[in-house]
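Work through the exercises below with the sequence and the model at hand. Each task is followed by a solution in steps.

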Amino acid sequence: MSDRNLAKSLNRRQFVAVAGAAATTAALAACDGAQAPAADDSAEPADGDKTKVSFVLDYTPNTNHTGIYVALAEGYFADEGLEVEIVQPPADGADALIGAGGAQMGVSYQDYIANNLASDQPMPYSAVAAIIQHNTSGIMSREEDGVTHPAAMEGHTYATWDMPVEQATVRHCVEADGGDWSKVELVPYEVDDEVSGLRANMFDTVWVYEAWAVQNAVVQDFPYNYFSFISVDPVFDYYTPVIAANDDFAKENPEAVKAFLRAAKKGYEYAVENPDAAADILCEQVPELDSALVHQSQTYLAGQYVADADAWGVIDPERWAAFYQWLNDNNLVNNQLDVNAGYDLSFLE
């Protein structure tokens, strides 16, 4: 998820590249005696009976985070007895900070958690709620090129992040559609705005997130084609993004995690029912954002936060396990995954 106004933030491609290494580095640092904030340091009461919770984002603020900002602005966290601090991710990503206990909670992704679980020294953190119910990513291209399905990527360039899981996903889609992956030319992904890259013919096809890049194309009146990965194979309907919690913090402060999720749920439900008002709240708190894009994105996500689920935040065990099994079957992780690991829904009420 990137935009011309967010160019200075690390993008998701960079985080994918460092996720496994960051987890291992932080774990080794802990073993070597490096000082990291203890997972329960911020659980100390402050200002009366308020409990402090540090929540780290995955990027510069965007519409994936709207429910958190609504909960902060509308006092939902305060009503739950929480004092929540929203912090930006460090260079090695949000997951490393959550896992090391420097932040008690934050934003992650199922595939990042897989990287951590498959590492030689997994860090202690787990998904505790889904922010968006379905994977809303896919391939975007110029409308004039006619790339309306995966096999049509043949004879075109694809902007790759040069990551095994990423390339395996796109290859699977091309071949499942009867295409020849060898006829897709890979070029480096070197932009912060996918629409600008397509306009400049830097590439013909690119992996995007529908809530941001596709809505950016709409705002810029850019003619595009788009197909989602889940329209090709439901195995790619994994959870991206999720709210994660440090396991030690959650074990020692279960009521605080439950309280956080109750407030966050109210924030995201508000965004579902009042997308324009929620967009206004996000823009008020983060004025550097492109208001037109935020409003367009928020309207789209109003139908995605809960979608067809029974309630906001729930995770389908079968969908979670299916993606991890696919990673195992295709040897895309360093160590085989327990397909039922990495999430804990006991805090979601």
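## Exercise 1: Helix α2 and what follows

Gly 75, just after α2, takes a positive phi of about 80°. The model is a predicted one.

**Task.** Find which residues of α2 are buried.

**Solution.**
- Step 1. Apply the cut-off for buried, under 20% relative accessible area.
- Step 2. The residues of α2 that pass are Thr 66, Gly 67, Ile 68, Tyr 69, Val 70 and Ala 71.
- Step 3. Six of the eight residues of α2 are buried, so α2 is largely enclosed by the rest of the structure.

## Exercise 2: Two packings of helix α11

**Task.** Describe how α2 and α11 pack, giving the angle and the distance between their axes.

**Solution.**
- Step 1. Helix α2 spans residues 66-73 and helix α11 spans residues 275-285; their axes are 9 Å apart, at an angle of about 80°.
- Step 2. Angles of 65 to 115 degrees count as roughly perpendicular, so α2 is roughly perpendicular to α11.
- Step 3. On the α2 side the contact is made by Thr 66, Tyr 69, Val 70, Leu 72 and Ala 73, and on the α11 side by Ala 278, Ile 281, Leu 282 and Gln 285.
- Step 4. By class, the residues of this contact of α2 with α11 are seven nonpolar, two polar and no charged.

**Task.** Do the same for α10 and α11.

**Solution.**
- Step 1. Helix α10 (residues 254-273) packs against α11 at an angle of about 125°, and the two axes are 5 Å apart.
- Step 2. The pair α10 and α11 is therefore oblique.
- Step 3. Tyr 270, Ala 271, Val 272 and Glu 273 of α10 meet Pro 275, Ala 277, Ala 278 and Ile 281 of α11.
- Step 4. The contact of α10 with α11 divides into seven nonpolar, no polar and one charged residues.
- Step 5. Ala 278 and Ile 281 are listed in the contact with α2 and in the contact with α10.

## Exercise 3: Cores and rings

**Task.** Which residues have the most contacts inside the largest nonpolar core, and which helix gives the most to this core?

**Solution.**
- Step 1. The largest nonpolar core has 62 residues, and those with the most contacts inside it are Met 140, Met 153, Val 170, Trp 207, Tyr 324 and Leu 327.
- Step 2. Helix α13, residues 317-329, gives the most to this core, with six residues.
- Step 3. Another core, of 49 residues, lies apart from it; Met 105, Trp 212, Phe 260 and Ala 278 are among its members.

**Task.** Classify the ring pair of Phe 323 and Tyr 324.

**Solution.**
- Step 1. A pair of aromatic rings is described by the distance of the centres and the angle of the planes.
- Step 2. The structure holds 15 aromatic pairs. In the pair of Phe 323 and Tyr 324 the centres are 6.3 Å apart and the planes are at 45°, which is tilted.
- Step 3. Phe 323 is buried, with a relative accessible area of 1%, and Tyr 324 is buried at 0%.
- Step 4. Phe 323 and Tyr 324 also belong to a cluster linked by ring pairs, whose members include Trp 161, Trp 207, Phe 229 and Trp 320.

## Exercise 4: The surroundings of Val 174

**Task.** Is Val 174 buried or exposed, and which residues does Val 174 touch?

**Solution.**
- Step 1. Val 174 lies in helix α6, residues 164-176.
- Step 2. Its relative accessible area is 0%, so Val 174 is buried.
- Step 3. Leaving out residues up to four places away in sequence, Val 174 touches Pro 150, Ala 151, Met 153, Gly 179, Asp 180 and Trp 181.
- Step 4. Val 174 and Ala 151 are 23 residues apart along the chain, and their C-alpha atoms are separated by 4.9 Å.

## Exercise 5: Backbone exceptions

**Task.** Where do Asn 201, Ala 307 and Pro 241 lie?

**Solution.**
- Step 1. Most residues other than glycine have a negative phi, and most peptide bonds are trans.
- Step 2. Asn 201, not a glycine, has a positive phi of about 60°. Asn 201 is in the loop between α7 (194-199) and β9 (205-209) and is exposed, at 54% relative accessibility.
- Step 3. Ala 307 has a positive phi near 55°. Ala 307 is in the loop between α12 (291-301) and α13 and is partly exposed, at 37% relative accessibility.
- Step 4. Thr 240 and Pro 241 are joined by a cis peptide bond with omega of about 5°. Pro 241 is in the loop between β10 (224-228) and β11 (242-246).

How values were computed: Residues are numbered from 1 along each chain as its sequence is written. This is a predicted model: local features need pLDDT of at least 70, side-chain atom pairs count only at pLDDT 80 or more; totals for chains, interfaces and linings use all residues. Side-chain values use heavy atoms; hydrogens and water are left out. Axes are lines fitted to C-alpha atoms, for helices over the stretch in contact, and angles run from 0 to 180 degrees between N-to-C directions. Helices (H or I, at least four residues) and strands (E, at least two) are DSSP runs, numbered from the N terminus. Angles under 35 degrees count as roughly parallel, over 145 as roughly antiparallel, 65 to 115 as roughly perpendicular and the rest as oblique. Contact means heavy atoms within 4.5 Å. Ala, Val, Leu, Ile, Met, Phe, Trp, Tyr, Cys and Pro count as nonpolar, Asp, Glu, Lys and Arg as charged, and the others, Gly among them, as polar. A nonpolar core is a set of buried Ala, Val, Leu, Ile, Met, Phe, Trp, Tyr and Cys residues joined through side-chain atoms within 4.5 Å. Buried means under 20% relative accessible area, exposed over 50%, partly exposed in between (1.4 Å probe, protein chains only). Rings of Phe, Tyr and Trp (its six-membered ring) pair if their centres lie within 6.5 Å; planes under 30 degrees apart count as stacked, over 60 as edge-to-face and the rest as tilted.
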